[in-house]
Amino acid sequence: MPRTEPHASPAGPTPALRLANLAVHGLFLTLLAVLLARAAADGALGPAGWATAGALAAGYAAGGALRRIRASRALGAAWLLAVAALWIALTLQHPEFSYLAFPLYFVCLHVLPPRYALPAVAALTAAVVAAQTTTPGGLTTAKVIGPLAGLAVALLTAYGYAALYRESRARQQLIDDLVRTRDELAASQREAGRLAERQRLAREIHDTLAQGLAGIVLLAREAGTAPDAAPLLDEIERTASANLAEARRFVHALTPPALDGTTLTDALRRLADGADAAFRRDGDPYPLPVEAEVALLRLTQEALANAVRHAHAAHVAVTLAYLDDAVTLDVYDDGTGFDPATAPAPDSFGLHGMHERIAALGGTLTVESAPGEGTAVAAALPLRAVDRTAGAQAGGPAGRPFLAGVRR
């Protein structure tokens with residue numbers, strides 16, 4: 001049948017609209033069948049009446065069979081005009097067929113624009129009233145009120161249905177907006193994830209490869225002027241091998257080579273020995289999540305590199321303390337010092353990266369320094385915060401501070 005929704009959506013009528021169409025058209029065809037059965041029983045229709053009734057049934061059904069009629073407003077209006085003309089001709093032959101006006105009201109209200117639908121239903125009502133003049137007893141008040149009451153019911157029903165349809169469309173639009181907003185938010189989160197990963201890689205490269213390459217450069221310069229360069233060349237080889245292992249780790253693993261097969265204490269002691277710094281451990285060591293050990297290792301690397309390259313310190317001390325409720329790391333040097341309030345260079349990931357690493361684990365990082373007075377870097381990782389952060393990153397529950405994957 002021609003479409004009967006007030007405004008068809010681009011995606012086509014919804015299931016509720018299709019059901020309403022079937023109800024309206026089913027009502028028309030059912031009433032037509034009942035009225036034809038009564039006419040056959042009473043012998044009220046002659047050959048011309050039956051021909052008109054057949055044409056009406058065929059014409060009405062054609063609206064559902066021909067897609068072009070359903071898709072075109074102009075063809076739908078022409079179809080409705082033909083159906084109405086056949087109905088009027090049949091009603092004039094047998095007034096009982098005026099009952100078909102009720103479903104035709106709905107069809108007019110849905111197929112035609114409002115400026116044409118209202119005159120159309122008024123014309124149908126006039127045809128019903130005119131048909132009543134041919135019935136026994138002539139035209140009476142009851143015979144006028146009946147069609148007008150049917151018209152009022154049809155108008156109220158149709159406009160109530162139109163209001164529900166508009167509300168449904170508005171709700172669907174809101175759902176579409178929410179879905180679109182969700183997709184935009186997901187895209188924004190993916191972009192934020194990519195930016196965070198780039199920042200993380202920048203910190204990793206600065207804390208590992210860049211530090212190692214800077215050390216190789218310093219060792220190479222010293223080897224060029226030293227009488228016996230063999231030990232320095234050996235150190236260059238070890239540093240280059242460590243850097244190669246770090247580069248491979250970016251692709252193949254997450255656990256840093258400096259912690260592979262050793263403890264955090266041994267790893268920090270090895271770093272301190274390489275920088276000619278004193279190392280001390282306080283308290284009994286206990287296992288930490290990999291993320292915490294990596295953060296403390298990178299912090300020590302950065303602080304020692306700064307002390308050697310920039311501060312020109314004569315003495316450097318590294319202290320790792322295992323407390324009951326926290327792990328602390330202190331790196332002190334007696335070098336030239338600096339003003340911590342001075343912002344680092346835009347391309348520097350050192351101090352900024354150190355703060356980010358510790359803060360990501362719920363810890364605190366304090367840097368105390370002044371020109372000519374050395375530098376003290378102090379980090380504290382509360383066990384409860386470290387446990388909660390590591391559990392969230394591992395996708396497991398909080399309350400499990402140790403990871404089985406930490407190798408000793």
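Start by selecting R269, which is partly exposed at a relative accessible area of 35%. You're looking at a predicted model, so treat each stop as a look at a prediction.

**Stop 1: R269 and its partner**

Keep R269 on screen and add D266. The two make a salt bridge, and the closest N and O atoms are 3.5 Å apart. Now show the backbone: both residues sit in helix 9 (residues 264–274), and because they are three residues apart there, about one helical turn separates them. D266 is also partly exposed, with a relative accessible area of 36%.

**Stop 2: along helix 7**

Next, jump to helix 7, which covers residues 141–225. Select R171 and E167, whose side chains meet in a salt bridge at 3.0 Å, N to O. How far apart are R171 and E167 in helix 7? They are four residues apart, so the separation is about one helical turn. Switch on a surface and R171 comes up as exposed, with a relative accessible area of 51%. That puts R171 in the exposed class because the cut-off is over 50%. E167 counts as partly exposed, at 43% relative accessibility.

Now select R182 and D183. Their side chains meet in another salt bridge, this time at 3.6 Å, N to O. R182 is exposed at 53% relative accessible area, while D183 is partly exposed at 42%. If you'd like to hunt for others, a search of the whole structure finds seven salt bridges.

**Stop 3: the aromatic rings**

Time to colour the aromatics. How many aromatic pairs does a search of the whole structure find? The search turns up three. Go to F28 and Y60, where the ring centres are 4.0 Å apart and the planes are at 10 degrees, so this pair is stacked. F28 belongs to helix 1 (residues 15–42) and Y60 to helix 2 (residues 47–65), so their pairing ties together parts that lie 32 residues apart in sequence. Are F28 and Y60 buried or exposed? Both are buried. Leave them selected and add W79: F28, Y60 and W79 form one aromatic cluster.

For another geometry, move to Y286 and Y322, an edge-to-face aromatic pair with 5.0 Å from centre to centre and 75 degrees between the planes. This pair links distant parts of the chain, 36 residues apart: Y286 is in the loop between strand 1 (278–282) and helix 10 (290–311), and Y322 is in strand 2. Y322 is buried, with a relative accessibility of 8%.

**Stop 4: T319 in strand 2**

Stay with strand 2, which runs over residues 316–322, and pick T319. T319 is buried at 17% relative accessible area, and it falls in that class because the cut-off is under 20%. Which residues does T319 touch, not counting residues up to four places away in sequence? Select R280, D282, T328, L329 and D330 to see them.

**Last stop: colour by confidence**

Finally, colour the chain by pLDDT. The average is 76, and 75% of the residues score at least 70. Select residues 1–12, where pLDDT is below 50; in the model this stretch has 38 contacts beyond near neighbours in sequence. Then try residues 393–408: here too pLDDT is below 50, and the stretch has 27 contacts beyond near neighbours in sequence.

Technical notes:
Residues are numbered from 1 along each chain as its sequence is written. This is a predicted model: local features need pLDDT of at least 70, side-chain atom pairs count only at pLDDT 80 or more; totals for chains, interfaces and linings use all residues. Side-chain values use heavy atoms; hydrogens and water are left out. A salt bridge is a side-chain nitrogen of Lys or Arg within 4 Å of a carboxyl oxygen of Asp or Glu. Helices (H or I, at least four residues) and strands (E, at least two) are DSSP runs, numbered from the N terminus. Buried means under 20% relative accessible area, exposed over 50%, partly exposed in between (1.4 Å probe, protein chains only). pLDDT is the predictor's confidence in each residue, from 0 to 100. Contact means heavy atoms within 4.5 Å. Rings of Phe, Tyr and Trp (its six-membered ring) pair if their centres lie within 6.5 Å; planes under 30 degrees apart count as stacked, over 60 as edge-to-face and the rest as tilted.
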